[in-house]
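Q: Please take a close look at one part of this model with me, namely its salt bridges.

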Amino acid sequence: MDEGTRTVLRKFEHIEHCLKRNVEAHATNGFEDVHFVHMSLPEIDKDEIDLSVKFLGRKFDYPIMITGMTGGTRKGEVAWKINRTLAQAAEELNIPLGVGSQRAMIEKPETWESYYVRDVAPNVFLVGNLGAPQFGRNAKRKYGVKEVLYAIEKIDADAIAIHMNPLQESVQPEGDTTFSGVLEALAEITSSIDYPVIAKETGAGVSKEVAIKLESIGVSAIDISGVGGTSWSGVEYYRAKDELGKRLALRFWDWGIKTAISLAEVRFSTNLPIIASGGMRDGITMAKALAMGASLVGIALPVLKPAAKGDVEGVIKVIKGYVEEIKNAMFLVGARNVEELRKVPIVFTGFVREWLEQRIDLQEFVKKRGKVKI
């Protein structure tokens with residue numbers, strides 16, 4: 001079996017496990033330790049609340065992004081159906097959409113149509129996706145600017161996400177752990193292309209140290225993807241070939257930085273737009289993330305099942321439910337828009353507060369959370 005075929009089969013297995021198994025983190029994303037202060041006199045009308053946001057030069061109706069999940073199967077198969085369903089929903093809602101890793105498309109060019117959605121979503125803000133290990137100096141097949149432009153232009157994307165997944169690769173049976181030299185390669189990409197580059201984690205969070213490096217090389221935004229949502233170590237647990245592999249993946253199931261903590265660290269240390277993903281399962285949590293300085297919140301697993309059925313309205317229903325919850329939370333804290341939401345009082349308690357007090361200046365963070373590039 002050639003490498004491209006193995007990649008395609010692996011992508012199919014990932015989706016199967018996400019649809020049929022419990023692959024979520026056992027740990028929380030930390031937002032239970034972030035609290036709003038209820039305003040008995042909000043001094044606004046709920047109907048005047050505006051959820052529109054700007055991100056990477058585009059205006060969106062809602063501060064929600066469907067982050068990359070899949071791709072790499074042939075036309076008419078599961079990944080093709082999922083991406084087209086999500087694209088139609090994102091188009092109708094005017095929110096951004098990411099596709100899954102396009103490595104399969106590069107290794108098996110005939111699978112490119114599973115990522116292409118412009119025929120059903122001509123106006124959607126589309127984000128392509130490639131993996132950081134393929135840019136490492138010791139990668140088996142090293143990617144560069146050429147592959148990035150191919151991934152973007154073949155599917156007519158508006159931006160590219162480079163996903164940083166050392167945890168998943170380290171426990172995956174066929175994992176690629178060639179991460180040396182990735183930062184230098186990313187610097188070359190950001191300086192060589194005219195498309196936004198989003199640095200994206202995949203469930204283990206981004207620290208302030210990494211965020212500072214990413215900002216210094218010119219990335220356009222960071223998707224923090226912290227602990228609390230889908231665990232890709234958990235997914236690889238189900239794919240493990242033997243007991244040793246299962247034990248390793250199980251041990252690292254909840255490894256990483258909680259989403260709330262990662263958000264605070266990245267917001268404190270950079271001015272970059274942030275996509276807060278990792279366990280976003282309700283609108284109150286989403287409102288907290290926006291109040292902490294996120295530009296968008298990212299979701300994936302909650303819309304996977306309706307997308308796999310081709311149920312566009314089912315995807316829209318899930319997202320509109322979140323929208324109503326965000327709006328209600330904003331009403332109860334007196335915020336007319338996301339900009340005002342970043343100025344409302346928030347209180348940190350418990351483990352999240354303990355962590356942040358050792359890592360950042362909390363008072364300075366509260367002042368800075370509204371300073372976001374768009």
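Are K200 and D223, as a pair, buried or exposed?

A: In this predicted model, K200 and D223 are both buried. Their side chains meet in a salt bridge, with 3.2 Å from N to O. K200 belongs to strand β8 (residues 197–201) and D223 to strand β9 (residues 221–223), so this contact ties together parts that lie 23 residues apart in sequence.

It helps to set other salt bridges beside this pair, since the count for the model comes to 17 salt bridges. One of them joins the side chains of R103 and E107, where the N to O distance is 2.9 Å. Both of these residues sit in helix α3 (residues 103–107), and they are 4 residues apart, which is about one turn of the helix. R103 has a relative accessible area of 12% and is therefore buried, as the cut-off for that word is under 20%. E107, at 17% relative accessibility, counts as buried by that cut-off.

Another salt bridge brings together the side chains of E184 and R137, at 3.7 Å from N to O. Here E184 lies in helix α6 (residues 182–192), whereas R137 lies in the loop between β6 (126–131) and α4 (145–154), so the pair ties together parts that are 47 residues apart in sequence. E184 has a relative accessibility of 58% and so counts as exposed, for which the cut-off is over 50%.

Finally, there is a network of salt bridges, which links E48, R336 and E340.

Notes
Residues are numbered from 1 along each chain as its sequence is written. This is a predicted model: local features need pLDDT of at least 70, side-chain atom pairs count only at pLDDT 80 or more; totals for chains, interfaces and linings use all residues. Side-chain values use heavy atoms; hydrogens and water are left out. A salt bridge is a side-chain nitrogen of Lys or Arg within 4 Å of a carboxyl oxygen of Asp or Glu. Helices (H or I, at least four residues) and strands (E, at least two) are DSSP runs, numbered from the N terminus. Buried means under 20% relative accessible area, exposed over 50%, partly exposed in between (1.4 Å probe, protein chains only).
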